[in-house]
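Please read the following account alongside the sequence and the coordinates. It moves from the overall layout to the core, the pocket and a few individual residues.

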Amino acid sequence: MNTCTFTGYLTEDPLISKIDGVTLAEFILVVYNYRKAKSTGEKTKIPTYIYCEAWHTGAETISKFAKKGTKITINSAARNVEKGDDRIVFRINEFDI
């Protein structure tokens with residue numbers, strides 16, 4: 001099963017475009033992990049950047065309500081961009097702003 005859930009913050013305003021009359025929203029989500037050092041017990045905040053895309057009415061809703069810094073939770077599916085390209089894009093199925 002290809003299901004991924006993330007909660008993070010938009011790094012910039014979503015990029016909106018139309019492809020064959022269908023709305024596409026593309027954005028980068030930053031998600032933070034915390035690691036605790038064994039020796040000092042100090043926590044370190046580690047960012048991970050996730051490339052996301054939403055289509056149709058989901059893209060339109062995100063473009064209206066989500067801006068840089070908006071906290072969003074997404075339920076998505078991972079997919080490769082194209083053969084030979086090692087990037088992974090997360091296509092959004094559901095989200096909560």
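Strands here are DSSP runs of E with at least two residues, and they are numbered from the N terminus. On that basis, Asp-20 falls in the loop between β2 (15-19) and β3. The model is a predicted one.

The chain contains one helix and six strands. Their order along the sequence is β-β-β-β-α-β-β. The C-alpha trace extends about 55 × 35 × 25 Å along its principal axes. Of the 97 residues in the chain, 29% are buried. Among contacts with a separation of 6 or more, 53% join residues 24 or more positions apart.

The core comes next. The largest nonpolar core has 16 residues, and the members that touch the most others are Leu-29, Cys-52, Ile-62 and Ile-92. At least two residues of this core come from each of β1 (4-10), β3, β4, α1 (56-65), β5 (71-80) and β6 (88-96). Strand β3 gives the largest share, four residues. With residues up to four places away in sequence left out, Leu-29 touches Phe-6, Gly-8, Tyr-9, Leu-10, Thr-48, Tyr-49, Ile-50, Cys-52, Ile-72 and Ile-74.

Which residues line the largest pocket? The lining consists of Glu-26, Phe-27, Ile-28, Tyr-51, Cys-52, Glu-53, Arg-79, Val-81, Arg-87 and Val-89. Strands β3 and β4 (43-55) each provide at least two of the lining residues. By type, six lining residues are nonpolar, none is polar and four are charged. The space in this pocket amounts to about 170 Å³. Cys-52 is thus named both in the pocket lining and in the largest nonpolar core.

Val-89, another residue of the pocket lining, belongs to strand β6. Its relative accessible area is 12%, and because buried means under 20%, Val-89 counts as buried. Beyond its neighbours within four places in sequence, Val-89 is in contact with Tyr-51, Cys-52, Glu-53, Ala-77, Ala-78, Arg-79 and Val-81. Several of these contact partners, including Tyr-51, Cys-52 and Glu-53, also appear in the pocket lining. Val-89 and Gly-8 are separated by 81 residues in sequence, and their C-alpha atoms are 15 Å apart.

Thr-23 is part of strand β3, which covers residues 22-36. Is Thr-23 buried or exposed? Thr-23 is buried, because its relative accessibility of 5% is under the 20% limit. Its side chain makes a polar contact of 3.1 Å with the side chain of Lys-18. Apart from its neighbours within four places in sequence, Thr-23 has contacts with Ile-16, Ser-17, Lys-18, Ala-54, Trp-55, His-56, Ala-59 and Glu-60. Lys-18 is therefore a partner of Thr-23 in the side-chain polar contact as well as a member of this contact list, where cut-offs of 3.5 Å and 4.5 Å apply.

Two residues that are not glycines have a positive phi. In Asp-20 the angle is about 50 degrees. Asp-20 is exposed, because its relative accessible area of 80% is over 50%. In His-56, one of the contacts of Thr-23, phi is about 60 degrees. His-56 is placed in helix α1. Its relative accessibility is 47%, so His-56 counts as partly exposed.

Terms used:
Residues are numbered from 1 along each chain as its sequence is written. This is a predicted model: local features need pLDDT of at least 70, side-chain atom pairs count only at pLDDT 80 or more; totals for chains, interfaces and linings use all residues. Side-chain values use heavy atoms; hydrogens and water are left out. Buried means under 20% relative accessible area, exposed over 50%, partly exposed in between (1.4 Å probe, protein chains only). A polar contact is a pair of N or O atoms within 3.5 Å; within protein, one must be able to donate a hydrogen and the other to accept it, and residues adjacent in sequence count only if both atoms are side-chain atoms. On a 1 Å grid over the protein atoms alone, a cavity is a set of points where a 1.4 Å probe fits but cannot get out, and a pocket is an open set with protein on both sides within 12 Å along at least five of seven lines; lining residues have an atom within 4 Å of a point. Grid points are joined across faces, edges and corners, and a volume is the space filled by probe spheres set on the points. Ala, Val, Leu, Ile, Met, Phe, Trp, Tyr, Cys and Pro count as nonpolar, Asp, Glu, Lys and Arg as charged, and the others, Gly among them, as polar. A nonpolar core is a set of buried Ala, Val, Leu, Ile, Met, Phe, Trp, Tyr and Cys residues joined through side-chain atoms within 4.5 Å.
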